[in-house]
Amino acid sequence: MIAAAADVALVLDASGVVRDVAYSAPELPPEGIEDWVGALWLDLVTIESRSKVEALLRDAVAEGPTRPREVNHIVANGRDMPIRYSTIRMDDDGRILALGRDLRSVATLQQRLVETQLLLEREYSKIRNAETRYRLLFQLSTEAVLIVDEASERVVEANAAASKLIGETAQRTIGRGLADLFDERSAQNVRRVIATARTLGHSGLARVHLTGGGHSDLMMSVSAFRQDSRAHFLVRLVPSTGALAEGGHQPSKALDAVMAMPDGFVVVDERQRVLDANPAFLALIEVVTVDGLRGAPLDKWLGRPGVEATLLVSNLREHGSLRNFSTILRGEFGGLEQVEVSGVAVNSGGETCFGLVIRPVRNAGALRDREPSDGFRSVEQLTQLVGRVSLKDLVRESTDLVEKLCIEAALKRTEDNRASAAQILGLSRQSLYSKLRRHGLLDDDSEPFGGD
């Protein structure tokens with residue numbers, strides 16, 4: 001009954017010597033527990049626990065158990081074994097029963113809890129520092145920026161530059177609808193850039209007019225992002241005088257024209273990573289939105305990986321522009337399109353990017369759909385496959401092409417005498433007949449060696 005009631009039970013004599021031990025905890029018993037019998041209880045515990053053992057022995061009475069105390073036993077593996085003991089006097093001879101509960105599992109859980117709390121504190125500190133830096137940069141930025149909730153289209157944050165530009169404090173701006181900040185003339189442009197940002201993830205510049213105060217004539221652009229499982233818009237506002245390009249043309253109109261053009265347009269950085277693209281390019285590569293496109297390598301779709309895109313960017317970097325670069329474009333779902341690429345290198349703010357116009361070559365569909373095994377009648381057709389198929393396939397095709405040309409030359413020299421052609425080619429008649437059929441030089445109704 002004692003063994004079933006406690007994880008550890010010790011029977012001690014009046015001098016504190018262990019006379020019997022019972023262990024029934026679900027955890028494995030500590031190594032050397034059988035050596036406790038015959039040893040002083042004080043010698044089995046750590047130094048800081050000796051005073052607790054003395055108190056347990058001193059306070060033991062026959063009426064009931066003493067107040068429990070946690071004692072750390074010294075075990076063979078070098079780790080302390082925490083046990084919570086209560087003592088009770090068994091008889092007039094002074095024997096004492098110590099009933100203990102093994103706290104190792106509890107200690108392990110407590111240690112894990114402490115480690116988890118420390119980890120959470122570190123992560124929380126990182127997030128808090130990042131948020132502090134974000135808010136500092138957000139407020140110190142000289143560019144007017146508004147954060148707008150995507151669902152309600154209401155302003156949730158505004159930096160100091162935006163408040164100054166709008167002519168109201170941030171407290172008065174937060175909570176207002178984005179459309180309420182602009183007059184009726186701007187309603188259509190505001191709806192257009194919001195719809196574009198919802199579809200493509202970003203929009204071009206659009207002219208808007210404030211309802212009053214501050215700079216009334218502005219250029220606005222919108223980008224979509226997600227935060228805390230909610231969609232938001234980042235709205236940038238700049239005075240329209242600063243957004244006009246040289247010669248008085250508005251960049252928004254040029255950007256709108258590029259986005260609407262039927263040919264694909266894509267912008268990549270020095271590492272050939274996609275920065276932006278128009279809907280026509282998305283249609284060519286069979287991608288729905290530009291969000292999953294940004295940061296991806298261009299050679300995922302253009303030409304063979306590591307070949308055409310690298311060559312294209314190298315030429316643009318060296319010469320500044322390039323026209324009618326012939327290659328292929330692969331779609332996400334296996335589509336293959338022969339295209340011509342024209343491009344230009346642009347240096348903006350010390351960083352170089354490359355704008356590429358990609359135009360499908362529709363009149364070359366027959367060549368585009370041709371597989372290497374279809375055969376070619378000229379070296380020009382064969383060389384057009386360089387970069388589109390592997391070198392192994394090109395070597396095989398070139399071998400077949402040379403073989404076919406040699407057979408045609410032999411037949412021409414022998415005036416279509418196949419027996420003589422086989423002789424000058426060093427082939428047997430049956431081998432020549434097989435090659436004629438493979439290269440399509442033998443009519444089905446002709447004799448194998450007619451003309452002998």
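**Close-up views of a predicted model**

**View A. Asp183 and its contacts.** Leaving aside neighbours within four places in sequence, Asp183 is in contact (heavy atoms within 4.5 Å) with His209, Leu210 and Thr211. The model is predicted, so local features need pLDDT of at least 70 and side-chain atom pairs count only at pLDDT 80 or more, while totals for chains, interfaces and linings use all residues. Residues are numbered from 1 along each chain as its sequence is written, and side-chain values use heavy atoms, with hydrogens and water left out. To find Asp183, look in the loop between α5 (170–173) and α6 (187–200); helices (H or I, at least four residues) and strands (E, at least two) are DSSP runs numbered from the N terminus. Which side chains make polar contacts with the side chain of Asp183? One is the side chain of Arg185, at 2.8 Å, and another is that of Ser186, at 2.9 Å. A polar contact is a pair of N or O atoms within 3.5 Å; within protein, one must be able to donate a hydrogen and the other to accept it, and residues adjacent in sequence count only if both atoms are side-chain atoms.

**View B. The whole chain, for orientation.** The protein chain has 15 helices and 15 strands. Of its 452 residues, 38% are buried, that is, under 20% relative accessible area (exposed is over 50%, partly exposed in between; 1.4 Å probe, protein chains only). Take the contacts with a separation of 6 or more: 43% of them join residues 24 or more positions apart.

**View C. The largest pocket and its lining.** About 450 Å³ of space lies in this pocket. Its lining counts 18 residues, and Phe265, Val267, Leu275, Val346 and Cys353 are the closest to its centre. On a 1 Å grid over the protein atoms alone, a pocket is an open set of points where a 1.4 Å probe fits, with protein on both sides within 12 Å along at least five of seven lines; lining residues have an atom within 4 Å of a point. Points are joined across faces, edges and corners, and the volume is the space filled by probe spheres set on them. Which strand gives the most to the lining of the largest pocket? That is β15, with 5 residues. At least two residues each come from α8 (251–260), β11 (264–268), β12 (274–277), β14 (336–348) and β15 (351–360). By class, the lining has 11 nonpolar, 3 polar and 4 charged residues (Ala, Val, Leu, Ile, Met, Phe, Trp, Tyr, Cys and Pro are nonpolar, Asp, Glu, Lys and Arg charged, and the others, Gly among them, polar).

**View D. Ala277 in strand β12, followed by Asn278 in the loop between β12 and α9 (279–284).** Is Asn278 buried or exposed? Asn278 is buried, with a relative accessible area of 0%. A polar atom of the Asn278 side chain lies 2.9 Å from the backbone nitrogen of Phe265. Ala277 is buried too, at 4%. Not counting residues within four places in sequence, Ala277 contacts Met259, Phe265, Val266, Val290 and Leu293. Ala277 and Leu293 are 16 residues apart along the chain, and their C-alpha atoms are separated by 8.3 Å.

**View E. Gln272 and Glu286 with positive phi.** Most residues other than glycine have a negative phi. Gln272, in the loop between β11 and β12, has a positive phi of about 65 degrees and counts as buried at 14% relative accessibility. Glu286 sits in the loop between α9 and α10 (308–319); its phi is near 65 degrees, and Glu286 is partly exposed at 31%.
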